[in-house]
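Let's take a walk through this protein and see where its charges and cysteines sit. Have the structure open while you read.

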Amino acid sequence: MLIAATTTCGSEFHVFITLWVKKDFLLSALTRLLSNFIACSLNWRWRLKGETLLDLASGPTIHQFLSAYGLKGDTLIDIGSGPTIYQYLSACKSFREIIATDYTEQNREEMQRWLRKEPGAFDWSPVVKYTCELEGDRERWLKKEEKVRRAIKQVLKCDVTQANPLAPLAVPPADCVLSVLCLEAACKDLPTYSSAVKNIGSLVKPGGHLILVTCLGASFYMAGKNRFFAIYLEQKTVEDAVKGAGFDIVWAKSEQMAYSLDVCDNRGMYALVAQKQQ
């Protein structure tokens, strides 16, 4: 999972994780990036139906976004979750069950460690507390953590290049599939990208929704000193892939926003919500 900045002040909270990153680097990166998130959290803004793309990738605004557009149901599948749980802190209000997925065993195991409350698991409490503060009751953070733990029913391996990304398992079609800054790191070329969108779209039930947040114009991203390939995407490429997968785009927004070159060479961000044709 490639994760990038999610706050309106441009902090690096959405954490850089690749399909190949090692656990020791991952934990140090999470600690550093989480500190950046908390340091500039006061710059967050609630702008219902007027969010920046950075807002859209954040946990609290995901809830506001889901609520504003009536996206809710029984099941949410998150494609390319990495080891993070922040994206579920508010989404667990809209969906009864969450299926987290990632390609690497290290990322899946790190999430499981948090779910099992194992000693040494990453401490998400500062983010949970802040989310609860935004929602009006900071003191409910322990209940919030338990709600997320109850909501995450499965942590599965996924491979977006496969027709069934969750093979050999077959799961019932979901009400919503969410993928944030994942496919551009997992696909080697444009045909593979288009196939990947179709593959994850197959997990959505007719009438259900697909939410994508994507880097535009990137060719690489960095994880520490490690440089990784990212597929160069333009807005039309993303839209054509989504439409070709049998979805109608019901909302979309692009933003000219670039990270520094020690993070990524993207030229913009793009988010969309699409509904699967009946």
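A residue counts as buried when its relative accessible area is under 20%, as exposed when that area is over 50%, and as partly exposed in between. Keep in mind that this is a predicted model.

With that cut-off in hand, start at helix 6, which covers residues 125-134. Its buried residues are Ser125, Val127, Val128, Tyr130, Thr131 and Cys132. After helix 6 comes glycine 136, which has a positive phi, near 105°.

Now for the charged pairs. The count of salt bridges comes to twelve. Here are three of them, with the N to O distance for each:

| Positive partner | Negative partner | Distance |
|---|---|---|
| Lysine 117 | Glutamate 146 | 3.0 Å |
| Arginine 138 | Glutamate 133 | 2.9 Å |
| Lysine 236 | Aspartate 240 | 2.7 Å |

What does the bridge between lysine 117 and glutamate 146 tie together? Lysine 117 is in the loop between helix 5 (105-115) and helix 6, while glutamate 146 belongs to helix 7, so the pair links parts that are 29 residues apart in sequence. Lysine 117 is exposed, at 52% relative accessible area, and glutamate 146 is partly exposed, at 27%.

In the second pair, both partners are partly exposed: glutamate 133 has a relative accessible area of 40%, and arginine 138 has 38%.

The third pair stays inside one helix. Lysine 236 and aspartate 240 are both part of helix 10 (residues 235-244), four residues apart, or about one turn of the helix. In an α-helix there are 3.6 residues a turn, so residues three or four places apart point the same way. Lysine 236 counts as exposed at 54% relative accessibility, whereas aspartate 240 is partly exposed at 39%. Elsewhere, Glu109, Glu110, Arg113, Arg116 and Glu118 are joined into one network by salt bridges that share partners.

Some charges gather on the surface instead. Arg140, Lys143, Lys147, Arg150 and Lys153 form a patch of positive charge there. Which helix gives the most to this patch? That's helix 7 (residues 141-151), with three residues. Lysine 147 sits in helix 7 and is partly exposed, with a relative accessible area of 33%.

Last stop: the cysteines. How many disulfides does a search of the whole structure find? Zero. Cysteine 158, for one, is in no disulfide, and the nearest cysteine sulfur, which belongs to cysteine 182, is 6.1 Å away. Cysteine 158 counts as buried, at 5% relative accessibility, and cysteine 176 counts as buried too, at 2%.

How values were computed
Residues are numbered from 1 along each chain as its sequence is written. This is a predicted model: local features need pLDDT of at least 70, side-chain atom pairs count only at pLDDT 80 or more; totals for chains, interfaces and linings use all residues. Side-chain values use heavy atoms; hydrogens and water are left out. Patches are made of residues with over 30% relative accessible area and no salt bridge: like charges are joined within 9 Å, nonpolar side chains (Val, Leu, Ile, Met, Phe, Trp, Tyr) within 5 Å. Accessible areas come from the Shrake-Rupley method with a 1.4 Å probe; for residues, only the protein chains shown count as cover. A salt bridge is a side-chain nitrogen of Lys or Arg within 4 Å of a carboxyl oxygen of Asp or Glu. Lys and Arg count as positive and Asp and Glu as negative; His and the chain ends are not counted. The place of a charge is taken as NZ of Lys, CZ of Arg, CG of Asp or CD of Glu. Helices (H or I, at least four residues) and strands (E, at least two) are DSSP runs, numbered from the N terminus. Buried means under 20% relative accessible area, exposed over 50%, partly exposed in between (1.4 Å probe, protein chains only). A disulfide is a pair of cysteine sulfur atoms within 2.5 Å.
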